[in-house]
Amino acid sequence: MEKIMRDKRQGTRDRGRGTRRILFALLVAGFLLLVAPSAEAASLYFFPSSGSYNVGQIFSASVYVSSVDQAMNAASGIISFPQDKLEVISLSKTGSIFTLWVQEPLFSNSAGTINFEGIVLNPGFTGATGKIITINFKIKAAGVALLNFSSGSALANDGKGTNILANLGNAQFSLGGAGPSISEATTPSIISDTPPAPQISSPTHPDPNKWYSKNTAKFMWLIPSSDVVAVRLLYDKYPNSQPRVVYEQIISEKEITDLKDGVYYFHIQFKNNKGWGAISHFRFQIDTQPPEPFEIKFIDGKETNNPRPTVIFDTTDTLSGIDYYKIKIGEGNFFNITPEIIKNNSYILSLQVPGKRSILVQAYDKAGNYAVATEEFVIKPIEPPTIIDYPKELKEGENLIIKGKTEPNSIVKISLQRDDIAKLEFQEGQSDEKGEFIIIWNKKLASDIYKFWAEVTDGRGAQSGRSDAYVISLTPTALFRIGSLMINYFTLIISLMVIIIALIFLGTYLWFKYKMFKRRLKKETIEAEKILRNAFDVLSRNIIYHIKLLEKVKSQRPLTKEENVIIAKCKEDLTQAEKIIGKEIEDIEKEM
């Protein structure tokens with residue numbers, strides 16, 4: 001009986017303790033519901049997220065997931081902590097919502113990291129206080145300790161594994177300097193033998209901080225060693241996601257096509273026989289759309305005499321933003337301006353001369369897309385100066401003085417052109433407050449007919465067209481005319497004398513050349529005659545010699561018919577040659 005009573009009392013105490021545990025759990029859950037972040041998508045956060053502790057003290061912080069509007073069936077994360085201030089004593093899975101672990105929770109005190117990756121079986125987890133793991137820390141040094149997620153993911157139970165993680169929380173703890181001295185313990189790194197984070201490069205989107213207009217992205221990486229047995233990839237819009245697409249046949253590059261505009265992250269992780277290694281995250285940004293269409297508007301109107309008109313052409317780009325503007329005015333070159341220059345939605349053009357011209361503006365976003373706007377405008381000239389007084393006739397040596405009226409405090413330019421010379425000469429002057437000006441030509445002018453006209457540039461830089469042209473006759477003085485006439489006669493006489501002397505010299509030179517030529521010709525003719533005579537004598541002797549030989553043969557035997565013909569022919573040719581040569585020599589002697 002006594003034993004039965006003891007058993008009843010023990011059962012009552014056990015039921016009381018069970019009731020107290022349930023009430024405590026309900027209170028903790030209610031409190032966590034109050035402090036857990038409320039969001040439309042999943043979040044990872046710490047509880048508690050703050051506190052104050054002393055050096056040597058041990059405290060716990062738990063990792064929770066919140067997914068109140070959609071069932072979640074997997075989550076992962078890498079937690080960073082200051083290894084110089086905190087040391088992980090242990091990790092606890094007690095009370096975790098995970099029923100399966102892809103890999104056991106790991107920590108490395110030397111690297112200051114904690115890794116977890118688990119699965120919740122169907123129908124997944126829905127709620128705000130899904131406990132994942134509890135971390136037990138020992139405080140090593142005073143200061144402020146920050147806990148944050150260097151990466152994380154929360155996958156929806158939708159059959160697609162959609163990453164619904166929208167927020168990564170953090171925690172901050174104040175660590176005091178007073179406390180018992182405890183020797184520092186070193187926990188060996190559990191993940192030190194796993195592959196390092198891959199080094200990612202992209203030939204299509206090389207700079208993570210820049211925008212690109214290509215919607216096909218290619219990524220490449222080096223396989224660090226032969227012990228890598230798998231690669232895990234993922235791309236999404238979250239910076240610290242856990243890769244989940246596994247390639248057991250090792251690949252070293254990946255191309256992604258038909259991407260929509262936005263900011264993306266490419267995640268990659270290697271695995272060896274020790275497990276999955278560190279994750280690399282590579283951001284890439286895509287913007288294929290040009291800036292918003294815009295117009296060019298003129299504050300002063302499209303026709304104005306303001307030489308520096310003010311225009312409005314500001315626009316926006318919803319994704320990458322406006323990088324710069326390129327402007328081209330008329331036939332000029334393009335020049336760039338930054339969006340900051342266009343303050344109050346306006347821009348003042350550089351100084352323009354009168355005339356009609358076009359303006360072209362290209363607005364470039366940070367991905368290189370651009371929108372174009374064009375417009376035409378007219379810069380009207382201001383009124384040209386009015387010439388009030390000028391000398392229609394001037395004596396040589398007198399000053400040219402021109403008076404007129406124009407815009408006040410403006411620059412007046414006088415252009416002067418000599419009647420028989422196309423070259424222009426210029427001189428500028430300043431008009432006074434009333435617009436009146438006097439210009440005294442600073443050079444002495446030669447006698448001739450001149451014309452001049454005036455132009456003006458006002459204080460704004462606005463220019464006028466030409467005024468009417470005015471004619472001035474500049475005549476020399478009487479003394480100057482007599483002197484000029486005498487100089488002209490003297491010049492004529494000198495010129496004639498020079499020509500006569502030149503002709504005499506030329507005639508003498510030609511007569512001398514002729515005599516030399518005749519002497520040389522006579523000498524050469526005599527030599528030719530002598531040579532000709534000698535040549536004929538030699539030829540004559542040879543022919544006579546052969547005739548005598550044939551006649552000698554005739555005394556010994558009768559000559560043949562052919563030999564008699566040869567003798568007759570030779571005598572006839574010799575006589576004929578003698579006559580021709582004699583006549584030619586006689587003609588030469590007559591010419592000589």
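**Reading strands, odd backbones and surface patches**

Guide: Let's start with a cross-strand pair: N148 sits opposite N170 in β10. This is a predicted model, where local features need pLDDT of at least 70 and side-chain atom pairs count only at pLDDT 80 or more, while totals for chains, interfaces and linings use all residues. Residues are numbered from 1 along each chain as its sequence is written, and side-chain values use heavy atoms, with hydrogens and water left out.

Visitor: Which strand pairs with β10 in the antiparallel sense, and over how many bridges?

Guide: Strands here are DSSP runs of E, at least two residues, and helices are runs of H or I, at least four, all numbered from the N terminus. Two strands pair if DSSP finds at least two bridges between them. The antiparallel partner of β10 is β8 (residues 143-156), with six bridges.

Visitor: And how do β2 and β10 run, parallel or antiparallel?

Guide: They run parallel, joined by five bridges. S50, for instance, has Q172 of β10 as its bridge partner.

Visitor: How do I read the side chains along a strand like β10?

Guide: In a regular strand, side chains alternate between the two faces of the sheet. In β10 (residues 170-176), A171, F173 and L175 point to one face and are buried. N170, Q172, S174 and G176 point to the other face and are not buried. Buried means under 20% relative accessible area, exposed over 50%, and partly exposed in between, using a 1.4 Å probe and protein chains only.

Visitor: Is V88 buried or exposed?

Guide: V88 belongs to strand β4 (residues 86-92), and V88 counts as buried because its relative accessible area is 0%. V88 also shows how sequence and space can part ways: K138 is 50 residues away in sequence, yet the C-alpha to C-alpha distance is 6.3 Å.

Visitor: What about the backbone? Which peptide bonds leading into P48 and P123 should I look at?

Guide: Most peptide bonds are trans, and most residues other than glycine have a negative phi. Here the bond from F47 to P48 is cis, with omega near -5 degrees. P48 is in the loop between β1 (42-47) and β2 (50-54). The bond from N122 to P123 is cis too, with omega near 15 degrees, and P123 is in the loop between β6 (113-119) and β7 (125-139).

Visitor: Where do D258 and N409 lie?

Guide: D258 is in the loop between β16 (253-256) and β17 (262-272). D258 is not a glycine, but its phi is positive, about 55 degrees. At 65% relative accessibility, D258 is exposed. N409 is in the loop between β29 (401-405) and β30 (411-418). Phi of N409 is positive as well, near 50 degrees, and N409 is partly exposed at 42%.

Visitor: Which residues form the nonpolar surface patch?

Guide: A patch takes residues with over 30% relative accessible area and no salt bridge, joining like charges within 9 Å and nonpolar side chains (Val, Leu, Ile, Met, Phe, Trp, Tyr) within 5 Å. A salt bridge puts a side-chain nitrogen of Lys or Arg within 4 Å of a carboxyl oxygen of Asp or Glu. Areas come from the Shrake-Rupley method with a 1.4 Å probe. Here Y489, L492, L496, I499, L503, F505, L506, Y509 and L510 make up the patch, with about 980 Å² of accessible area together. I499, found in helix α2, is partly exposed at 46%.
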